[in-house]
Amino acid sequence: MMFSKARRLGQYAFLAVLSNILWTVSAQEMEWACSQRDSQRTGRTPRVVFSTQPFLAWEVQTSGSIYGSPVILSASQTNISNKDIIGVTTSNGKRVKTFQANGVLKWERATAGSCWGGAACSLDGNNGTLFAADGDGFVYAWNLANGALKWSFQNTTSTVSDERRFLADLTPLGTNGVMAGDWTGGSYPNMNGKLYNITGGAVVATRSLFWMDGATTRSEYAGSPVTLSSDGQSAYYVLRSKGNRVRLACFDPQTGQDRWVHEHNPKISSSNLQMAGVTLDEANGRVFFCANFHNLKGSLLYSVTTDSVLRPYFPIEIPTSYCEPALSPDGQTLYVTTLTSAVLAINADTAEIEWAYLTGAEAVRGSAVVDGEGKILFGDAAGVLHCLRPDGTVLWKYQGDGTGIACSPAITDSGDVIYGTTAGQLRRLTRSPIVIPYVPGASAAMIDGVLSPGEWDGALAIPLEATSPLTNPGWNPLDGDAVYPADCSAVVYVMHDGENLYVGFDITDDDICADWQVTHSPVNCAVWNDDCTEVFIDGDLDRDNTEAAAGSPAGDRDWREGCVPHFGIYNNAYFNKSQYDNIDRYGSEWWAATTTQTQKIYTEYKFAFSGIDTVDGENGYAPIRPGALFGFNALLNDDDGDGDREDQIALHGGDTLNTCYKTQHDWAPALLAPLDSPTPTPTPTPSMTPAPTSPDTACEAPPAKARMDIACAARFRGK
């Protein structure tokens with residue numbers, strides 16, 4: 001986010017690898033480290049945002065305006081308690097707050113001054129660090145997991161707080177440092193603004209912002225963030241000027257020494273030139289930035305190579321903009337937000353405007369961000385969050401309460417969107433709920449592992465495959481690898497009859513295997529190591545990842561709220577009886593059965609509503625009823641005969657750490673259609689299970705590597 005001193009505080013998929021894309025989400029980086037996601041301020045992420053109409057997962061009040069983008073701890077953390085911690089600064093609230101993935105406050109800390117710029121975060125081993133700066137000249141570093149203060153730094157360049165304050169967004173540097181710029185400006189040397197490398201609480205280097213105005217040495221203030229190369233060796237900053245000169249500096253952040261300064265005279269008379277932050281396109285060796293001639297109500301969009309050469313066709317005139325241009329996935333298009341309410345798509349090579357989208361709002365203050373499919377997201381001054389297709393047409397909009405959005409949004413690993421408002425609301429948007437139809441005849445379904453003709457008519461059919469394994473639905477939580485449909489895929493059917501939830505799987509699998517079940521005890525067997533299915537239910541929709549996880553706190557171990565049954569092809573069920581005590585409910589509150597044919601697996605589940613609790617904690621209980629929302633996920637495990645599963649396919653996932661069973665905030669919301677909803681038109685299932693043969697011999701001990709056509713009768717059946 002960039003500030004003007006004149007106004008002070010005025011307002012397939014990821015697998016289709018493009019040759020010039022260098023950005024990924026590694027195991028050692030944040031999911032959203034700073035405004036515009038990364039220190040190059042590209043605004044783009046490989047994560048894929050949902051295409052359905054948004055659903056408000058939660059909203060919290062932070063008690064202060066939010067002008068800086070939220071930051072998100074990487075989902076690739078091995079410590080699940082640190083997954084998806086969301087950090088945000090509040091301006092006049094003088095607070096920095098962090099939230100768990102379900103919107104529950106994790107910790108908050110007071111700051112000496114107001115926090116106008118966005119926070120930053122970095123990774124140190126398994127511990128994340130959250131950085132923030134305030135208007136009283138302090139920079140802070142906290143342990144992101146527990147809020148412990150690691151260090152603080154106070155700017156003492158001036159006794160006047162207004163002249164030592166930090167207002168622009170921070171940029172993370174290494175594992176324990178940030179780049180920041182202070183607000184000191186005016187006559188040199190009494191007031192000399194600086195850019196700082198602050199690491200471990202100490203100043204490592206500074207870059208003075210003074211400049212020569214004829215024979216007079218002048219200084220300026222830092223109103224926009226520093227941009228860093230991915231190796232942390234080069235920093236970029238556009239120097240603000242009182243004359244009609246544009247100066248882009250590239251300097252060494254470890255020494256503060258300039259590598260080069262590019263100066264350009266646009267030959268436009270202006271007495272007040274405002275500069276926005278720099279976007280670094282490392283793959284193509286170029287940077288982009290906006291120079292705003294404030295008194296003329298217009299801007300110039302520049303592009304300079306990383307060796308200081310002005311690129312052909314640039315600069316071009318655009319409406320007033322303080323944004324950092326966001327890059328398309330292939331780096332060939334820029335997305336520029338403006339204070340005239342327009343959002344522009346500009347060709348990064350020819351500088352031609354490809355399209356313009358008018359929001360209808362007074363302005364778009366924050367920058368745009370881009371997902372892995374090229375969808376463009378941004379908020380406007382009327383409080384509307386927009387999601388556009390790459391061609392500029394509207395995919396969806398989310399209308400809040402009319403409170404303005406001044407910061408750029410952030411995108412989580414699962415493709416959810418998090419953003420703040422000037423009234424202090426922090427919101428998480430997720431995909432529209434899966435509407436599970438009410439099918440009065442569903443009770444006729446025999447839970448025998450045979451998807452008999454007519455039994456599943458009217459059910460919602462959801463294709464489940466992982467050809468795009470980091471996109472929902474069809475995420476591969478195990479390793480993120482692609483799984484081709486013939487190897488493992490399914491159609492998942494869901495419906496309810498007013499008293500029970502029914503889930504059916506029609507699975508295609510070219511190598512049906514149960515070698516783990518053959519070599520281990522069949523009682524409470526770890527069936528997930530073989531071909532099997534899993535169904536996850538979060539009855540109270542609190543997205544709490546402790547209810548179904550080891551180490552759940554006392555008083556919060558109600559198994560019904562974190563129901564995670566695993567059911568194997570030998571009709572073996574898994575539950576940790578000592579922790580959840582719900583294996584005894586198999587056959588009384590839930591039922592399942594499986595049969596197999598050549599390269600086909602069929603599994604049916606039934607869950608009694610009486611076994612799905614909607615009250616948080618162990619002490620309360622209320623069964624789920626039609627019309628209720630709850631968390632829902634369905635998974636396939638694929639074993640091709642190596643003693644363990646090779647892949648996993650989830651209806652919804654968010655990381656590649658095999659944590660789907662305890663990351664309820666990544667599960668899809670689902671709605672049980674009310675009983676008075678229209679009866680769905682019967683949709684016959686595309687393939688039905690042949691009647692099983694020789695069911696009594698199907699459960700005999702198979703070969704060590706089970707490649708078979710079997711039909712295994714369920715030990716428990718329900719109607």
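This note covers the nonpolar cores, one run of paired strands and the aromatic contacts of a predicted model.

1. **Main core.** The largest nonpolar core holds 40 residues. Those with the most contacts inside it are Leu501, Val503, Phe505, Tyr605, Phe607, Phe630 and Phe632. Leu501 makes a good entry point for viewing. Leaving aside residues up to four places away in sequence, Leu501 touches Ile436, Met495, His496, Ile537, Tyr605, Lys606, Phe607, Phe609, Phe630, Phe632 and Leu672.

2. **Another core.** Apart from the largest core lies another, of 26 residues. Phe50, Ile86, Phe99 and Val417 are among them. Grouping of this kind has a general background: in soluble globular proteins, nonpolar side chains tend to be buried together.

3. **Strand E4.** E4 covers residues 95-99. Four of its five residues are buried, so the strand is largely enclosed by the rest of the structure.

4. **E3 with E4.** Strand E3 (residues 86-90) pairs with E4 in the antiparallel sense, over five bridges. Ile86 stands opposite Phe99 of E4. Both residues also belong to the core of 26 residues. The two strands form a hairpin with four residues between them. In the turn, Lys94 has a positive phi of about 50°.

5. **E4 with E5.** E4 also pairs with strand E5 (residues 105-110), again antiparallel and over five bridges. Here Arg95 stands opposite Ala110 in E5. This hairpin has five residues between the strands. Gly103 takes a positive phi near 90°.

6. **A tilted aromatic pair.** The whole structure has 22 aromatic pairs. One of them joins Phe153 and Tyr196, tilted, at 6.0 Å centre to centre with 55° between the planes. Phe153 lies in strand E9 (residues 149-154) and Tyr196 in strand E13 (residues 194-199), so the pair ties together parts 43 residues apart in sequence. Both rings belong to buried residues.

7. **An edge-to-face pair.** Phe567 and Trp590 are edge-to-face: 6.5 Å centre to centre, 85° between the planes. Phe567 is in strand E42 (residues 566-568) and Trp590 in strand E44 (residues 590-597), 23 residues apart. Phe567 has 1% relative accessibility and therefore counts as buried. Trp590 is also at 1%, so this residue counts as buried.

8. **Cluster and charge.** Phe505, Phe567, Trp590, Tyr605 and Phe607 form one aromatic cluster. Phe505, Tyr605 and Phe607 are also listed among the residues with the most contacts in the largest core. Separately, Lys606 lies over the face of Trp591, at 4.5 Å from the ring centre. Lys606 is also one of the residues that Leu501 touches.

Definitions and conventions: Residues are numbered from 1 along each chain as its sequence is written. This is a predicted model: local features need pLDDT of at least 70, side-chain atom pairs count only at pLDDT 80 or more; totals for chains, interfaces and linings use all residues. Side-chain values use heavy atoms; hydrogens and water are left out. A nonpolar core is a set of buried Ala, Val, Leu, Ile, Met, Phe, Trp, Tyr and Cys residues joined through side-chain atoms within 4.5 Å. Buried means under 20% relative accessible area, exposed over 50%, partly exposed in between (1.4 Å probe, protein chains only). Contact means heavy atoms within 4.5 Å. Two strands pair if DSSP finds at least two bridges between them. Rings of Phe, Tyr and Trp (its six-membered ring) pair if their centres lie within 6.5 Å; planes under 30 degrees apart count as stacked, over 60 as edge-to-face and the rest as tilted. A charge sits over a ring if NZ of Lys or CZ of Arg is within 6 Å of the ring centre and within 35 degrees of the ring normal.
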